[in-house]
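Grab a pencil and have the model open beside you. Each exercise sets a task, and a worked solution follows straight after.

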Amino acid sequence: LQRRIRELEAAEAARRQSEERLRESESKFRLTFDASPDSVNLNRLEDGLYVDVNEGFTKLTGYAREDVIGRTSAEISIWHDPADRQKLVQDLRERGYCENLEAVFRMKDGRLGTGLMSAQLIALKGVPHIISITRDITERNRMLQALRDTKRLLEETQAIARLGGWEYDVAAARLAWTAEVYRIYGVGPDYDPNDVEKAVGFYAP
């Protein structure tokens, strides 16, 4: 009898330890979930039903938590292109995760923004769900496009004026030409301006 009592006490102690570890794990998850500055969502895989969102989601999209919990992503039309969600779901079904999916999302006020999403497939009470983190890259993409536009304008201006430019990287000891310099000297883009023996002829008096 005493042996049986000790076994029951040991089992009870193990159960309490297991419950305590589970509470600690849930507490750490909640802290990470809430503290992330990025948008973090918990959605049902089947239909995109929102189970939970953090403050990063509300700041990014303009939706309050009560606006989305219990509703699907289709109901609030947050995916600008539904094909992006289909790709997300396909990757999750095939691999269990999705990394760096760039997609356009529709905010509550109708604005469009670009996000970079990574997601993992998890099970809640046996039902597949998506835990996802999305970072707003709208401004980053806008700056990259502005740089591309500026580069294109510079190249067009150089072509019209027949002016070229070059840059020398001191650390790497490498010379780089703009596209117009190649055209001025009549060489193809595969020509290496760092080939001194050939390049000297362009600068000889």
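What follows is a set of four exercises on this chain.

Before you start: this is a predicted model, in which local features need pLDDT of at least 70 and side-chain atom pairs count only at pLDDT 80 or more, while totals for chains, interfaces and linings use all residues. Residues are numbered from 1 along each chain as its sequence is written, and side-chain values use heavy atoms, with hydrogens and water left out.

**Exercise 1. Work out how many helices and strands the chain has, and in what pattern they come.**

Step 1: Count the elements. The chain comes to 7 helices and 7 strands, taken as DSSP runs (helices H or I, at least four residues; strands E, at least two) and numbered from the N terminus.

Step 2: Read along the sequence. The pattern is α-β-β-α-α-α-β-β-β-α-β-β-α-α.

Step 3: Check burial. Of the 205 residues, 30% are buried; that means under 20% relative accessible area, with exposed over 50% and partly exposed in between (1.4 Å probe, protein chains only).

Step 4: Try one residue. C98 sits in strand β3 (residues 97-106) and counts as buried because its relative accessibility is 2%. Its C-alpha atom is 5.1 Å from that of A119, a residue 21 positions away along the chain.

**Exercise 2. Find the salt bridge partner of R65 and say where both residues sit.**

Step 1: Set the criterion. A salt bridge needs a side-chain nitrogen of Lys or Arg within 4 Å of a carboxyl oxygen of Asp or Glu. The whole structure has 12 of them.

Step 2: Name the partner. R65 pairs with D52, their closest N and O atoms being 3.0 Å apart.

Step 3: Place the pair. R65 is in helix α3 (residues 65-68) and D52 in strand β2 (residues 50-53), 13 residues apart, so this bridge links distant parts of the chain.

Step 4: Compare burial. R65 is partly exposed because its relative accessibility is 41%, whereas D52, at 8%, is buried.

**Exercise 3. Do the same for K87: which residue does it bridge to, and which network does it belong to?**

Step 1: Find the partner. K87 bridges to D91, with 3.0 Å between the closest N and O atoms.

Step 2: Place the pair. Both lie in helix α4, 4 residues apart, about one turn of the helix.

Step 3: Check burial. K87 is partly exposed at 40% relative accessibility, while D91 is buried at 10%.

Step 4: Look at another pair. R174 forms a salt bridge with D192, at 3.8 Å between the closest N and O atoms. R174 is in strand β7 (residues 174-177) and D192 in the loop between α6 (179-185) and α7 (196-203), 18 residues apart.

Step 5: Back to the network. Bridges with shared partners join K87, D91 and R95 into one.

**Exercise 4. Describe the largest cavity: what is its volume, and which residues lie nearest its centre?**

Step 1: Define it. On a 1 Å grid over the protein atoms alone, a cavity is a set of points where a 1.4 Å probe fits but cannot get out; lining residues have an atom within 4 Å of a point. The volume is the space filled by probe spheres set on the points, which are joined across faces, edges and corners.

Step 2: Count and size. There is 1 cavity of 30 Å³ or more, and the largest has a volume of about 190 Å³.

Step 3: Name the lining. Of its 19 residues, N41, Y50, W79, F105 and M117 lie nearest the centre.

Conventions: 1 Å grid on protein atoms, 1.4 Å probe; cavity = no way out; pocket = protein on both sides within 12 Å on 5 of 7 lines; lining within 4 Å.
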